[in-house]
Amino acid sequence: MVSLKLQKRLAASVLKCGKRKIWLDPNEINEISLANSRRNIARLEKDGLIMKKPTVVHSRSRVRERNKAKSKGRHTGTGKRRGTANARLPFKVLWMRRIRVLRRLLHKMRDAKKIDKHIYHALYLQSKGNQFKNKRVLLETIHTMKSEQAEVKALSDQAEAKKSRARARLAKRSEREQKKTEQ
């Protein structure tokens, strides 16, 4: 058996690949062994005695299929879990998602003039203090605060109207009394 180490190295250089990718025709070993230059190797490659093997396929189709199943929730039971719940989906990430949703809602409502800056500030601090589980709870709180505010405003308006009526009555009475004293 002739050593074709040189030919394999030269072929790898000529074909611009690794030595493991070179195929030498086993039936033409004698002819290949005579080739001792890059030009000869290139000629043999043209004749088909030396070839570059195709790249080995490493298919990801099975992985893709499994990942698709995982996205549906398969293969994720207790037996498949290695990390803690916090390692798999950190509490901090959940908190960040929630607080960003709440703050975004507060910003939007303040910019749309649906809540004033005082309610905004109070709710901002409450959401920072973990008062609201989700957006729905925050919205309910906003509605209750707005209705309370409206109620207080209505009552204060009524009281003001009452006071102004009373003032008007007093003014009329004092006018009448002045007229009486003048006569």
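Start by selecting Tyr124: at 24% relative accessibility, this residue counts as partly exposed. Keep in mind as you look around that this is a predicted model.

Now add Tyr120 to the selection. Tyr120 has 9% relative accessibility, so it counts as buried, the cut-off for that class being under 20%. Both tyrosines belong to helix 7 (residues 117–128), and because they are four residues apart there, about one helical turn separates them.

Show the side chains of the two tyrosines next. How many aromatic pairs does a search of the whole structure find? There is one, and you have it on screen: the ring centres of Tyr120 and Tyr124 are 5.7 Å apart and the planes are at 40 degrees, so the pair is tilted.

Stay here and bring up Arg110. Which face does Arg110 lie over? The face of Tyr120, with 4.1 Å to the ring centre.

From Arg110, step along to helix 6, which covers residues 91–111, and colour helix 8, residues 135–182, alongside helix 6. Two packed helices are described by the angle between their axes and the distance between the axes. For this pair, the axes come within 10 Å and cross at roughly 35 degrees. The crossing of helix 6 past helix 8 is right-handed. To see what makes the contact, select Val101, Leu102, Leu105, Leu106 and Met109 on the helix 6 side, then Lys135, Leu138, Leu139 and Ile142 on the helix 8 side. Sorted by class, the contact has eight nonpolar residues, one charged residue and no polar ones.

Keep Lys135 selected and travel along helix 8 to Ala154, which lies in that helix. The two residues are 19 apart along the chain, and 28 Å separates their C-alpha atoms. Ala154 is partly exposed, its relative accessible area being 38%.

Two loop residues make the last stops, and the backbone is what to look at. Most residues other than glycine have a negative phi. Select Asn130, in the loop between helix 7 and helix 8: its phi is near 65 degrees, a positive value in a residue other than glycine. Asn130 counts as partly exposed, at 46% relative accessibility.

Finish at Lys16, placed in the loop between helix 1 (5–15) and strand 1 (22–24). Lys16 is not a glycine either, yet has a positive phi of about 55 degrees. Is Lys16 buried or exposed? Turn on the surface: Lys16 is exposed, with a relative accessible area of 72%.

Note on methods
Residues numbered from 1 in each chain as written. Predicted model: local features only at pLDDT ≥ 70, side-chain atom pairs only at ≥ 80, totals over all residues. Heavy atoms only, no water. Axes fitted to C-alpha atoms, helices over the stretch in contact; angles between N-to-C directions. Left-handed = near helix turned anticlockwise from the far one by under 90°. Contact = heavy atoms within 4.5 Å. Nonpolar A, V, L, I, M, F, W, Y, C, P; charged D, E, K, R; others polar. Phe/Tyr/Trp six-rings, centres within 6.5 Å; stacked < 30°, edge-to-face > 60°. Buried < 20%, exposed > 50% of the residue type's maximum accessible area, 1.4 Å probe, protein only. Lys NZ or Arg CZ within 6 Å of the ring centre and 35° of its normal.
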